[in-house]
Amino acid sequence: MAKTLKKNTASEEKSGIYVYIGPSIRGVIQNGSIFAGTREEALKKNSAAIEFCSKIERLIVADSDIMSAKKKIKEGGNTVSLAYRAVVEKLTRKE
């Protein structure tokens, strides 16, 4: 029984609130979209958006990381800002 309790506690720790901090993509995903549950569930709910541009996955962050992630976007030269730039370029590219 102790193992079951431990497993439930671990899965509860992974649950939380996740927010998309990238640019809005009409009909796909909007900036500021909020997702409750685990990160895996948030990514699964946004599989169509991630299929559109895989870098979107990097822009779905835990609510506790929003401020630092937005700061990284402004600073540049890191994985979050590069992901943001890749999404913007995908949106502005004419195909």
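Two strands count as paired if DSSP finds at least two bridges between them. Keep that in mind for the exercises below, and remember that this is a predicted model.

**Exercise 1. Get the overall layout**

Work out how many helices and strands the chain has, and in what pattern they follow each other.

Solution. Start with the tally: the secondary structure comes to five helices and three strands. Now walk along the sequence, and the pattern reads α-β-β-α-α-β-α-α. Next, look at how the chain is packed. It has 95 residues, and 32% of them count as buried. Then check the contacts with a separation of 6 or more: 46% of them join residues 24 or more positions apart. Finally, the surface: the chain exposes about 6800 Å², and carbon and sulfur atoms supply 53% of that.

**Exercise 2. Put the strands together**

Find out which strands pair with strand 1, and in what sense.

Solution. Take strand 1, residues 16-20, and set strand 2, residues 34-37, beside it: the two pair in the antiparallel sense over four bridges. Now bring in strand 3, residues 60-62, which pairs with strand 1 in the antiparallel sense too, over three bridges. To get the register, match up residues. On the strand 2 side, G16 stands opposite G37 and I17 stands opposite A36. On the strand 3 side, Y18 stands opposite A62. Last step: strand 2 has two faces, a covered one with F35 and G37 and an uncovered one with I34 and A36.

**Exercise 3. Place I17**

Decide whether I17 is buried, partly exposed or exposed, and list what it touches.

Solution. First locate the residue: I17 sits in strand 1. Its relative accessibility is 34%, and the partly exposed class runs between 20% and 50%, so I17 counts as partly exposed. Now for its neighbours. Leaving out residues up to four places away in sequence, I17 touches I34, F35, A36, V61, A62 and D63. For a distance to check in your viewer, go from I17 to G37: they are 20 residues apart along the chain, with 6.4 Å between their C-alpha atoms.

**Exercise 4. Look into the loop at S33**

Say where S33 lies and which backbone oxygen its side chain meets.

Solution. S33 belongs to the loop between strand 1 and strand 2. Buried means under 20% relative accessible area, and S33 comes in at 19%, so it counts as buried. A polar atom of its side chain lies 2.7 Å from the backbone oxygen of Q30. Beyond residues up to four places away in sequence, S33 touches Y18, V19 and Y20.

**Exercise 5. Contrast with E40**

Classify E40 as buried or exposed.

Solution. E40 lies in helix 2, residues 39-45. Its relative accessibility is 52%, and the exposed class begins over 50%, so E40 counts as exposed. As for K14, it is 26 residues from E40 in sequence, and the C-alpha atoms of the two are 9.3 Å apart.

**Exercise 6. Take helix 5 apart**

Test the length of helix 5, then work out where its buried residues point.

Solution. Begin with the length. Helix 5 covers residues 79-92, which makes 14 residues; at 1.5 Å a residue it should span 20 Å, and its end C-alpha atoms are 20 Å apart, so the two agree. Next, pick out the buried residues of helix 5: V80, S81, A83 and V87. Seen down the helix axis, they fall within an arc of 160°, so they line one face of helix 5. That buried set packs against strand 1 and helix 4, residues 66-75. The face turned away from the buried side carries the exposed residues R85 and T92.

Zoom in on S81 in helix 5. Its relative accessible area is 9%, so S81 is buried. Apart from residues up to four places away in sequence, S81 touches K72, I73 and G76.

To finish, look at the N-terminal end of helix 5. N78 caps this end, with a side-chain oxygen 3.1 Å from the backbone nitrogen of V80.

Methods: Residues are numbered from 1 along each chain as its sequence is written. This is a predicted model: local features need pLDDT of at least 70, side-chain atom pairs count only at pLDDT 80 or more; totals for chains, interfaces and linings use all residues. Side-chain values use heavy atoms; hydrogens and water are left out. The expected span of a helix is 1.5 Å times one less than its number of residues. Buried means under 20% relative accessible area, exposed over 50%, partly exposed in between (1.4 Å probe, protein chains only). The arc is that of the directions from the helix axis to the C-beta atoms. Contact means heavy atoms within 4.5 Å. A polar contact is a pair of N or O atoms within 3.5 Å; within protein, one must be able to donate a hydrogen and the other to accept it, and residues adjacent in sequence count only if both atoms are side-chain atoms. Accessible areas come from the Shrake-Rupley method with a 1.4 Å probe; for residues, only the protein chains shown count as cover.
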